Amino acid sequence: MPGMVLFGRRWAIASDDLVFPGFFELSLRVVWWIGILTLYLLHRGKLDCAGGALLSSYMIVLLVLLAVIICTLSAIVCVSMKGTICNPGPRKSMPKLLYIRLALFLPEMVWASLGAAWITDDIQCDRTVVNGIIATVIVRTQTWCPATLQQASPFSISSRTVSGTARSLTRSSPIPRGSPSCRTRTAEYDLVGGDQLSCHFGSILQTTGLQYRDFIHISFHDKVYELPFIVALDHRKESVVVAVRGTMSLQDILTDLSAESESLNLECGVQECSAHKGISQAARYVYQRLVNDGILSQAFSIAPEYRLVVVGHSLGAGAAALLAIMLRSSYPQVRCFAFSPPRGLLSKSLYEYSKTFIVSLVLGKDVIPRLSVTNLEDLKKRILRVIAHCNKPKYKILLRGCRYELFGGNPDNFPTELDGGAQGHLTQPLLGEQSLLTHGSPTYSFSSDSPLESPTKYPPLYPPGRIIHLEEEGTSGRFCRAAAQYSARWAHESQFSKILIGPKMLTDHMPDVLVKALDSVVSDRAAYVFCPPGGGSNVDMV
C-alpha cells in the first residue's frame, strides 16, 4: 500500500500494484518472443542473401534481449504478488527490478533504431523475413513506454445521473420515437425553466402515462438549493402528486454536499427539529413555491376531494420527506413515499415524528440510504482496520472481486487471518459486505480534524419514516441479473447505520434498477411485506 520510492521521490503507486500491468506486458513479450523465434527457425536457411547476415544477427540479439526482458518482468510480477497490502517487506527488491527494467529500454531503443536503419537498405532477402522484421520494429516502437509503470484502475464505473423517482413522475428518460415530445403545443399547465421544446416534459408523459391536462405545474428551474418539481393529478389514485427531481446537475451535487445540520422552525410540536441543511433549504424552496404561488390551491380547486402525496428519489426523496413535514400542518392527510432517500436527513425527534406518514424504500446495498457524515467517518476507520488486518495480497482480492461482480457468489468464502480471535469473523476485506460490520476497535481513533468532533455541526441524522427494504434473494452477477428475485420487508433504521462495500452499492441506487426490483416484488404473489415488530404500520399504503 505505501507508495514506492524511485529516483528520490515517492510515487502514487505501490509495489503490489504491478501484478496486472506486469502480467499484461509479460504476455505480449512472450508472444512476441515466440513469433520471432518461429520466424527465425523457419527462415534461417533463406538468410544467405545480401544483408541476410545483418538480419540474422538482428533477430538473434533481439531474442536474447527479449529473453532478458521476459525474465525481468517475471521477477517483477512474482515479487509484486508477495506480501500483503500493509506488509511490503517481501517486496523490498521491487525498486531494483524496476531500475533494471527501465535500463533495458536503452538497448531496446538502440536495437530498434538499428533495425529500422538496416531494413531501409536494399536487402534482397525473402519478403516474409523482411516483413517480419518490419513488424518487429513497429511493435517495438509501440512498446517503448514502460507498461509496468502505467497504472490503470482495475475497475471502471460508469457514472449515471439520477433523476426522478421509480415510475412516479420524477424521472427523465430518453424519448422513444413517436412519443409526444419536442413539439409545439399550447400549454395547459404552468411551465418554468429551460424546456422550450418540451423534450423533458415529453419524457415525463412517456414514463407516467398521464395526459397534458393532468399536470398543474412543471418547473425545470434548477439552482443550488432550488430543485425542479412537478404537480400533477393522479385520477386513478385520487391524489394530488408533488414529485421532486433527484440529483441530475452540478447544482444538485452542491446541494447534496451542504451536509451540516440546520435547525428548523416547524409547526409540528416536535422539539429539537434539525435536518440536512442543503436538502432542508431545497424543500423550503419547493414549499414556498407551492404555497405562496398558490399551486396547491389551484390543484385542490380542481380536485378538492383528492389527497396530497409527495414523492421523490435520492436527493428528491429527502426534499420530498421534509416537504411533507412542512405541509402536514396545512394538509394533515399528506403522505410521502421516499425512494432511496439519504440517511443523514432528520434529527431523531423528526425521524420518529415522520413514521406516521412517510414510507421510505431502500434497495439492497444502496449506499445513499446509508450515507451520512458520521457513517463516512466510520467507513474510513473500518477500511483502515480491514487493510491493517488483511493477510491476502491485493491481486487476490481484486480477482475475487471481479469474480463476485461477474458471477455472484458468497463474499465470505475468502477468509483472512487476523491478529486476535475477537475479530475472527472479519472476512474478504473491501469486498465482503457483511464482514465489514465489525465492532469498534480501540486501535483506531478519530483524527484531530474529524468532523465528528463537532457534534453541533454534524449530529447524528436519520432517514425519513418507516423503511421498506427490498432485498435480493440469493446472489447474482452481471451475467445473471435477469434471474434476480426480491422480497420486501419492514426494516429498522439501525440496519442502515453502516455503509456496506459491494459491487451493487451504486447500481442499487439507480431508478431503473429500483423499478425492476419493485416489479419483481409486485409480480411475485408470494412476496409480502412483514409488519415491523411491536405493532403494525400506521402508514396508509397507496
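In which handedness of crossing does H8 pass H10? The crossing is right-handed, meaning that the near helix is turned clockwise from the far one by less than a right angle. The model is a predicted one, where local features need pLDDT of at least 70, side-chain atom pairs count only at pLDDT 80 or more, and totals for chains, interfaces and linings use all residues. Residues are numbered from 1 along each chain as its sequence is written, and side-chain values use heavy atoms, with hydrogens and water left out.

The axes of H8 and H10 (lines fitted to C-alpha atoms over the stretch in contact, with angles from 0 to 180 degrees between N-to-C directions) lie 8 Å apart at an angle of about 55°. The pair therefore counts as oblique, the label for whatever is not under 35 degrees (roughly parallel), over 145 (roughly antiparallel) or 65 to 115 (roughly perpendicular). On the H8 side, the contact (heavy atoms within 4.5 Å) includes Ile279, Ala283 and Leu290, and on the H10 side Leu315, Leu322 and Met326 are among the partners.

Then there is H9, residues 295-302, with helices and strands taken as DSSP runs (H or I, at least four residues; E, at least two) numbered from the N terminus. Ile295, Leu296, Ala299 and Phe300 are buried here (under 20% relative accessible area, with exposed over 50% and partly exposed in between; 1.4 Å probe, protein chains only). They sit on the same side of H9 because their arc, taken from the directions from the helix axis to the C-beta atoms, is only 125°. Ser301 and Ile302, on the other side, are exposed. The cover over the buried residues of H9 includes both H8 and H10, along with strands such as E4 and E9.
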